Amino acid sequence: MTGSNLLLCSLGLTTLLGLRAPPPMSLPPVVVIDRSVRDSMSAVFRKFNQHWDELGDLNTLERMLGTVRPTQLEYLGCLQGAASRDTVLIQSWQPAGDMKQLPLAVGGNCDSVPHLVGTWHTHPYRANAENLPIKERSLSAQDLETFLASGLAVTLVMWDADSVDAAAKAGRALVHPARVILKEGFPAASPVRR
């Protein structure tokens, strides 16, 4: 039996038995961020992370808790833009409402933000015992779990002034890491919700 005959036979058997053919594979999502938006996120990262290395006199527990002298705080922003099946355009962002900032966690809400497509937050540097930076380079398991339970299209973490990790949804599936593309200004589009 030739390859094309085998395919026809398989399709005929699928139809005869009332089985559904699997849906066509969709493209993995791509996150497109306007460069000026990423630059403004970088400025926030630098602001809330500028004193990360001023903890040399504290012990490890004091550093982790941040109760003696917190030198950096996480930050939460609400991403605005448009989402289609395989692309999320990020055109702007706003600070989260009711933000609660801690050295290793952040909370807040984006409920009233128009054209909401996702959230972003920072993972600030922490100093190790030698006062060198510890960088959390990706979204944590808790970050991904929270995102998956949300109705949002994308979540980002900024772990350095110009470094971003992204997760996006393809249907109900989580794609992490999602590809991120920086683009120099693009026209405002009519936001489309997934």
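These exchanges look at strand β10 and its neighbours in a predicted model.

Me: What makes strand β10 largely enclosed by the rest of the structure?
Reply: Burial counts. Buried means under 20% relative accessible area. Six of the eight residues of β10, residues 163-170, are buried, so the strand is largely enclosed.

Me: How do you know that β9 and β10 pair?
Reply: Two strands pair if DSSP finds at least two bridges between them. Strand β9, residues 154-160, shares six bridges with β10. The six bridges therefore satisfy the cut-off of at least two. The sense is antiparallel. One bridge sets methionine 158 opposite valine 164 of β10.

Me: What joins β9 to β10?
Reply: A hairpin, through two residues.

Me: Why is β11 called a partner of β10?
Reply: The test is again at least two bridges. Three bridges join β10 to β11, residues 173-175, so the pair qualifies. These strands run antiparallel. Alanine 170 has alanine 173 in β11 as its bridge partner.

Me: Which residue takes a positive phi in the hairpin of β10 and β11?
Reply: Glycine 171, with phi near 65 degrees. That hairpin has two residues between the strands.

Me: How many helices and strands does the protein chain have?
Reply: Four helices and twelve strands.

Me: What share of the protein chain counts as buried?
Reply: Of its 194 residues, 37%. The cut-off is under 20% relative accessible area.

Me: What share of contacts between residues at least 6 apart in sequence joins residues at least 24 apart?
Reply: The share is 63% in the protein chain. A contact here means heavy atoms within 4.5 Å.

Technical notes: Residues numbered from 1 in each chain as written. Predicted model: local features only at pLDDT ≥ 70, side-chain atom pairs only at ≥ 80, totals over all residues. Heavy atoms only, no water. Buried < 20%, exposed > 50% of the residue type's maximum accessible area, 1.4 Å probe, protein only.
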